[in-house]
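Work through the exercises below with the sequence and the structure at hand. Try each task before reading its solution.

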Amino acid sequence: MIHKSEKLVVKATTLKRLLDKCISHEYLIKQIHAQSITCNLFTQSHQSFACKLLNVYTKLNKPFYAHKVFDQIVQPDIVSWTCLLSLHLQLQEPTKAFSLFARLFSTPMKPDSHSIVAALSACARTQDLISGKTVHAMAYRFLDRAAPIVGNALIDMYSRTERILLAIRVFDSMDVKDVATWTSLLNGFVVAREIESAWKLFEEMDCRNAISWTVMIVGCVRGKEPFGALELFKRMRKEGVDSPTSVTIVAVLSGCADIGALDFGRSIHGYVNKVAGFAMDVGANNALIDMYAKSGNLDFAMTIFKGMIKKDAFSWTSIVLGLALHGRGRNALEVFDEMLESGLTANEVTYLSVLSACSHAGLVNEGRELFNRLKNDTSCATKIEHYGCMVDLLGRAGHLDEAVRLIHHMPMKPDAVIWRSLLSASVANRNLELAEMAAGKALELEPHDDGVYVLLWNLYISGNKLEEVSRTVKMMRDQKIKKKPGCSWIEINGILHEYVAETSRQHVYDGIYRVLDTILKQSNLDLVTNPAEM
C-alpha cells in the first residue's frame, strides 16, 4: 500500500517535470501552482518544488505570484531569498530588494555570497554608500572566504558611489581576479570619467571579453573620444576573439554620429544586417537612425524608422531629434503627435528633442505650448535641460527679456550652459550689458571656460571697444586660459583622419593639402582673369 507521503513525493516530482516543460507558459504555470496548493505541497515542506516554482515566477517577472509562493514556503532557504532579491533587481526595484535583504536578518538564515552580491547591486543602483559599506562588513563577518563575485560587486558599488580609490583598494586586495574583476574596475574608471586610467588598465588586461571591449568603447564615446572608440572597434574585430554585442554596436554607432563618419557607419549597418538578431534589435535600429540623421542622411534615417516593426519611445525620440537637427521643426511636431496617438508616453528626452526642434526652426509659440504641457505632465519631470532648451529658443528668437525672466523663475539654480546660451543670444543681438552679466555668471561657475572669453572678445571687436578687448585678452593670459583649437574629422575611403587647427602639415593627410592648394591656385587664377570683380 502506497502511503500518503509517498504519493505527495510522486506528485511533487511530476509537477516539477511539468514546470520544466512549460516554463514560458504563464497560464500552465498558474495551473501547476493551483494543483500544488490543492495537494498541500507547501505545507508538507516540499522545499525543492516550492523553490523551483518561485524561480519560474522570477524568470517570468511576476513579483506578485513569486511573493505568494515565497510566503507559502514553511522555511525558505537562502536560495529562495536570493531568488526574490534578484527578481526585484530585474524589475529595477533596488530599494525593495535591499529591504528584503534586511528582512533576512530577522530569520536564523545567514547570507551567502549570492545574496551579498544582490544587496551590493541594490546599493550600487541607489548610490547608497553607507548601506554598501554595511554590506561590505557583513561579507567579512559571514563569508569565510569571499568569492570573486563579491569582490567584483564591491568594486562596482564603490565605483558607482564615486569612491574609485576604495574600488582600487578592493581590486588590489583580491587574491583571485578573473576577467569580470578587471572589467568591473575598468567600468569603475569609465563611470568616474578617468579615461586615461581606463586605457592603462585595459592594455594591462591579459584576457578580455566582449563586455571589456564594450566598456572601453563606451568610455571613449562618453569621454568625447569617438575616434578612439572606432579604432578600438576595428581592433576588436581584427583580433576576432569576441563578437560585438548589441551594446557594442550602439556605442560604435554613437561614435560615428558624433564625428559624422557616414562610411564607417554604413559598414556597421551592413554588419547589423548580416548578424542574426541585430537587424530586429530596437536599440541597434535607434542608433542607426541617430547616426544617419547626424551624418546628414535624414532620408535613410526615416527609411529605417518606417521599416521598424517594433518602436519604443527612443525610436520616436531619435527621429524627432534628427528632424530637429535638419531644421524641420514642424515635421518633428507632427511625428511627436503621431507618437502620442500610437499610445506611447513621451519621456523627458522626447520633450527635450521636440523643444530642440522648435528652437532650431524658430517655432516660439509651439515651444511655449510644449513647455507648458511638459510642466503639467505628472509622468515627466521638468529638468534643467528643458529650461536650457527654452532659454535657447527664446534667445534665438530675440526674446531676451522673456529668457531672463524664465531663468529667474527656474526652480533650480541655472548652470553654466544656460548662462552661455543667454550670452550667445546677447552677442547675436548686440546686447552688451546682458552679455557681460551672462558672461560673469557663467565664469563664476566655470572660470576656465575659454568659449565665454571668445564670445565676449568677438562682441567687443564688433563694437570697436578696443579697451575691453585688451582687458579680455589680459584676463585669459593671467589665468593661463588658451582657446581650445578646433578639431575636425574627415573620412576618406573609409579611413578617418583627425586633425586640429594647430596641427602641423606633416601630421595631416597629404591629399587634403593637395586639394586645398588646387583650390587656392584656382581662386588666384579667377582673381587675375576677373579684375573687375576685385
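**Exercise 1.** Find where Q127 lies, and decide whether Q127 is buried or exposed.

Solution. Begin with the helices on either side: α7 covers 113-126 and α8 covers 129-142, and Q127 lies in the loop between them. Next, take the relative accessible area of Q127, which is 52% in this predicted model. The cut-off for exposed is over 50%, so Q127 is exposed. Last, look at the backbone: Q127 is not a glycine, yet its phi is positive, about 55°. Most residues other than glycine have a negative phi.

**Exercise 2.** Do the steps again for Q92: which loop holds Q92, and what is its phi?

Solution. Locate α5 (78-90) and α6 (94-103); the place of Q92 is in the loop between these helices. Then read the backbone angle: Q92 has a positive phi of about 60° and is not a glycine. Finally, check the surface: Q92 has a relative accessible area of 59%, so Q92 is exposed.

**Exercise 3.** Describe the protein chain as a whole: how many helices and strands are there, and what percentage of the residues is buried?

Solution. Start with the elements: the protein chain has 29 helices and two strands. Then turn to burial: of the 534 residues, 43% are buried. For the surface, the protein chain exposes about 29000 Å², with 54% of this supplied by carbon and sulfur atoms. To finish, consider contacts between residues at least 6 apart in sequence: 58% of them join residues at least 24 apart.

Terms used: Residues are numbered from 1 along each chain as its sequence is written. This is a predicted model: local features need pLDDT of at least 70, side-chain atom pairs count only at pLDDT 80 or more; totals for chains, interfaces and linings use all residues. Side-chain values use heavy atoms; hydrogens and water are left out. Helices (H or I, at least four residues) and strands (E, at least two) are DSSP runs, numbered from the N terminus. Buried means under 20% relative accessible area, exposed over 50%, partly exposed in between (1.4 Å probe, protein chains only). Contact means heavy atoms within 4.5 Å. Accessible areas come from the Shrake-Rupley method with a 1.4 Å probe; for residues, only the protein chains shown count as cover.
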